[in-house]
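Colleague: I have a model open and some questions about it. Can we go through them one at a time?

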Amino acid sequence: MAESTPFELPRDRHLLAPGRKRILSLDGGGVRGVLSVAFLERIEALLAEDAGRPVRLCDHFDLIGGTSTGALIAAGLALGLSAQDLRGFYVEAAPRIFRQSRLRMFGVLEPRFDARPLEAEIHRVVGGRHLDSADIQTGLAIISKRMDTNSTWVLSNNPRAPYWEDQPGGAIGNRHFPLAAVVRASTAAPHYFAPELIQIVAGERPGLFVDGGVTPYKNPTLPLLMQALMAPHGLNWQAGADHLQIISIGTGDRRERMPPGKAPPRTSAGVALQALVGALSDSSVASLTLLHWLSGTRALWPVNSEIGDLGTVVPPFGQPLFGFRRYDAHLEADWLSEELGIRVDARELKALARLDQPAAVPRLYEIGQKAAAKFIRAEDFRADTSGCGAPA
């Protein structure tokens, strides 16, 4: 792509121009991404009502980032699609993507699902674009895990990023990475789909990438914040609730507990798996605790019994580092009944918590719609941040 003049591209106006900035962060969660879509539809509707015209989220947000299923949503939004456009991915495509082959059903060494339907749907959304494609309308960042170097990768369309251009020794600049491969890498959940290969250095073995959800950043807000504020990334946005607003959207929160009376895992493999699941959950809780603390916002529900919802906790520097809103739903029977009037039994709740159950999509969307109507307020977006940083 030819070198552009400063701020010629919509991407550059969002990322590089001075002024107030907004970040949209989208969690991973498989088919539960449809819950995020319901929140996004509510945000679009409120913005359109306030503006008196349709509003694309790529015009409103300066950086949109996602992990796993959130990466696909983020890429679609950054290309100008609406949340309603993306809802079809879950309603229509999920049954094709999460269809288990009979040949794979008993193969413990093979991924659970064939990745080709997923790849086809990703190509349908993003086509043959690269990270530097001019029609990506705003900042875009995607989280994945590179297994051969055991490192978390945040790949973005930031032209000031350290590895944007080709590097000495044959390293390919990030700008040339196919967007479909980057999204596919972030959605390559171990056990569910095969890893994605991306050529990093010409003539060398490709990098081996898996789902960003196995990093500490299933919720990608912290790395997006670092992209915005830390000098090595080159953006150097201004901190403070009057200058930076972050909207973080989940895919349904659920704390996995061992049922009373159930025996603990007896094998080393069982204990290891239980510990891994717990570590990923702990990472998400730690991220949200930090984000609420640094911004001075109250959590939708208590983080734990010791610190509650942080509603009375003062930010560590006396002033919010950024404005923050977190929208999510709690996938617990009591909470769903009390807060949303939705009753689920234990069997349905178990299906809702899974990443690969297309049959749960309608119910997840209903939960998202009702939670969005209850928790997303018009004043959260009026005059940019109205009350941004204050307890909800």
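Modeller: Start with the exposed side of a helix. This is a predicted model. On one side of α10, two residues are exposed: Asp334 and Glu338.

Colleague: Which residues of helix α10 are buried?

Modeller: Helix α10 spans residues 333-340. Asp334 and Glu338 are exposed, on the other side from the buried set. The buried residues are Trp335, Leu336 and Leu340.

Colleague: Within what arc do the buried residues of α10 fall, seen down its axis?

Modeller: They line one face of the helix. That follows because, viewed down the axis of α10, the buried residues fall within an arc of 100°.

Colleague: What do the buried residues of α10 pack against?

Modeller: Two helices are involved, one covering 346-353 and one covering 361-375. Before them, right after α10, comes Gly341, with a positive phi near 70°. The packing partners are α11 and α12.

Colleague: Is Val183 buried or exposed?

Modeller: Val183 sits in helix α7, residues 179-186. Its relative accessibility is 0%, and the cut-off for buried is under 20%. So Val183 counts as buried.

Colleague: Which residues is Val183 in contact with, leaving aside neighbours within four places in sequence?

Modeller: Leu155 is 28 residues away along the chain, and its C-alpha is separated from that of Val183 by 9.7 Å. The contacts of Val183 are Ala71, Leu72, Ala75, Ile122 and Ile142.

Colleague: Over which residues is the pLDDT below 50?

Modeller: The protein averages a pLDDT of 90, and 89% of the residues score at least 70. One stretch falls below 50, with 29 contacts in the model beyond near neighbours in sequence. That stretch is residues 384-392.

How values were computed
Residues numbered from 1 in each chain as written. Predicted model: local features only at pLDDT ≥ 70, side-chain atom pairs only at ≥ 80, totals over all residues. Heavy atoms only, no water. Buried < 20%, exposed > 50% of the residue type's maximum accessible area, 1.4 Å probe, protein only. Helix = DSSP H or I, 4+ residues; strand = E, 2+ residues; numbered from the N terminus. Arc of directions from axis to C-beta. Contact = heavy atoms within 4.5 Å. pLDDT = per-residue confidence, 0-100.
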